[in-house]
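Here are some notes for a colleague who will be looking at this structure alongside the text. The points are numbered so that each can be checked in turn.

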Amino acid sequence: MAAPVADLRLGLGGETDPQSSAGRAQALVDEGFGPGCSGTLVVLAQGENKASVRAAATDIAAQLKNLPEMSSASPAIPASSGDVAVIDVMPAGGPESEGTKSLLSEIREIRGDVEQRADTTLNVTGETAVNIDVADKLSAALPLYRLLVMGLALVLLVIVFRSIAVPLKAALDFMLSVGSSLGAVVAVLQWGWPPSATRRGGCPGLCSVWCPRWTSKANASPSCTPRLTGPSRSFLRSPRRWKPAAPSPWSDGACRTGTFPPVRPRSR
């Protein structure tokens, strides 16, 4: 069950259902303009000298054409002030493909020489670049997060049971349960096994970056039953709302004026 975890790929973008209207529209856009139309990268050149910014933007645009994973790049578009220029880069693959990730890494590798020659600053931004960076950061912190949770649980169990065998067995069970859960998630949501279990029909995709953390909490907590912390939505939408009761004769106004209602004696 835990074997598919080796192919775990995390992302933030998500995929639409191919049978929905948004999915059909996305398929038409990919067919007409290429899959990279929805995942463009933005190269930003910034500096104090206008001529240096223009030269850096032209240089980086010429080098981008030699990258294998790039489909097209727009000419450098300078700002009205002249100290900033923008280049739109369309990758050959989609926003969540491995080719787009490698293209982002290659652009960041070649920008160092251009920055030194033109004395400018080059950055790569855009929604696609931000999603890739966030997913990489969270994926890199995932092993440390796992070790921290398991280590704290192990120390707590050692203190409580004053033994080593029971905490080690519990930690091993935790790791196996997390691995099996993530393996099932990868097999069903990422690989599409079986096709009837997902609406994508076996279309490969990425798992959400928050899925491993939810899986850890579900396996570590004794109960996953949600608790109601407020009124339900059906109650809020109901025409029969809660109405405040009539003011009591023993209210603050009566206390301030000193006029209290008479107290009737209890009948025996």
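At what angle do helix 3 and helix 4 pack, and how far apart are their axes?

1. The model is a predicted one, and the question above can be answered from it directly. Helix 3, residues 98–118, packs with helix 4, residues 127–161, at an angle of about 95 degrees, and the axes of the two are 11 Å apart. Because angles of 65 to 115 degrees count as roughly perpendicular, helix 3 and helix 4 are described as roughly perpendicular to each other. On the side of helix 3 the contact is made by Thr100, Lys101, Leu104 and Arg108, and on the side of helix 4 by Thr128, Ala129, Ile132 and Asp133. By character, the residues of this contact comprise 3 nonpolar, 2 polar and 3 charged.

2. For the chain as a whole, there are 8 helices and 7 strands. The chain has 268 residues, of which 28% count as buried. Among contacts between residues at least 6 apart in sequence, 67% join residues at least 24 apart.

3. Two residues of helix 4 deserve a look of their own. Thr128, which lies in helix 4, counts as buried because its relative accessibility is 6%, and the cut-off for buried is under 20%. Leaving aside neighbours within four places in sequence, Thr128 is in contact with Ser38, Gly39, Thr40, Leu41, Pro95 and Thr100; Thr100 is also one of the helix 3 residues in the contact described in point 1. Ala135 is likewise found in helix 4, and with a relative accessible area of 3% Ala135 is buried. The C-alpha atoms of Ala135 and Arg9 are 9.1 Å apart in space, although the two residues are 126 apart in sequence.

4. Which strands pair with strand 2, residues 41–46? Strand 2 and strand 6 pair in the antiparallel sense over 5 bridges, and 6 bridges join strand 2 to strand 5, residues 84–91, again with the strands running antiparallel. Toward strand 6, Val43 stands opposite Val124, and Ala45 stands opposite Leu122. Toward strand 5, Val42 stands opposite Asp88.

5. The side chains of strand 2 alternate, with Leu41, Val43 and Ala45 pointing to one face and buried, while Val42, Leu44 and Gln46 point to the other face and are not buried. Strand 6, residues 121–125, shows an alternation as well: Leu122 and Val124 point to one face and are buried, whereas Thr121, Asn123 and Thr125 point to the other and are not. Read together with the pairing in point 4, Val43, which is buried in strand 2, stands opposite Val124, which is buried in strand 6.

6. Ser71 lies in strand 3, residues 70–73, and its relative accessibility of 47% makes Ser71 count as partly exposed. Not counting residues up to four places away in sequence, Ser71 touches Met90, Pro91 and Ala92. The C-alpha atoms of Ser71 and Pro35 are separated by 9.8 Å, with their positions 36 residues apart along the chain.

7. Does the end-to-end distance of helix 5 agree or disagree with the expected span? At 1.5 Å a residue, the 26 residues of helix 5, residues 165–190, should span 38 Å, and the end C-alpha atoms are 36 Å apart, which agrees. The buried residues of helix 5 are Pro167, Ala171, Phe174, Val178, Gly179, Leu182, Gly183, Val185, Val186, Ala187 and Gln190. In an α-helix there are 3.6 residues a turn, so residues three or four places apart point the same way. Just after helix 5, Gly192 takes a positive phi of about 80 degrees.

8. Backbone angles should also be checked at two residues that are not glycines, since most residues other than glycine have a negative phi. Asp119 has a positive phi of about 55 degrees; Asp119 lies in the loop between helix 3 and strand 6 and is exposed, with a relative accessible area of 66%. Arg162 also has a positive phi of about 55 degrees; Arg162 is placed in the loop between helix 4 and helix 5, and a relative accessible area of 77% makes Arg162 exposed.

Definitions and conventions: Residues are numbered from 1 along each chain as its sequence is written. This is a predicted model: local features need pLDDT of at least 70, side-chain atom pairs count only at pLDDT 80 or more; totals for chains, interfaces and linings use all residues. Side-chain values use heavy atoms; hydrogens and water are left out. Helices (H or I, at least four residues) and strands (E, at least two) are DSSP runs, numbered from the N terminus. The expected span of a helix is 1.5 Å times one less than its number of residues. Buried means under 20% relative accessible area, exposed over 50%, partly exposed in between (1.4 Å probe, protein chains only). Two strands pair if DSSP finds at least two bridges between them. Axes are lines fitted to C-alpha atoms, for helices over the stretch in contact, and angles run from 0 to 180 degrees between N-to-C directions. Angles under 35 degrees count as roughly parallel, over 145 as roughly antiparallel, 65 to 115 as roughly perpendicular and the rest as oblique. Contact means heavy atoms within 4.5 Å. Ala, Val, Leu, Ile, Met, Phe, Trp, Tyr, Cys and Pro count as nonpolar, Asp, Glu, Lys and Arg as charged, and the others, Gly among them, as polar.
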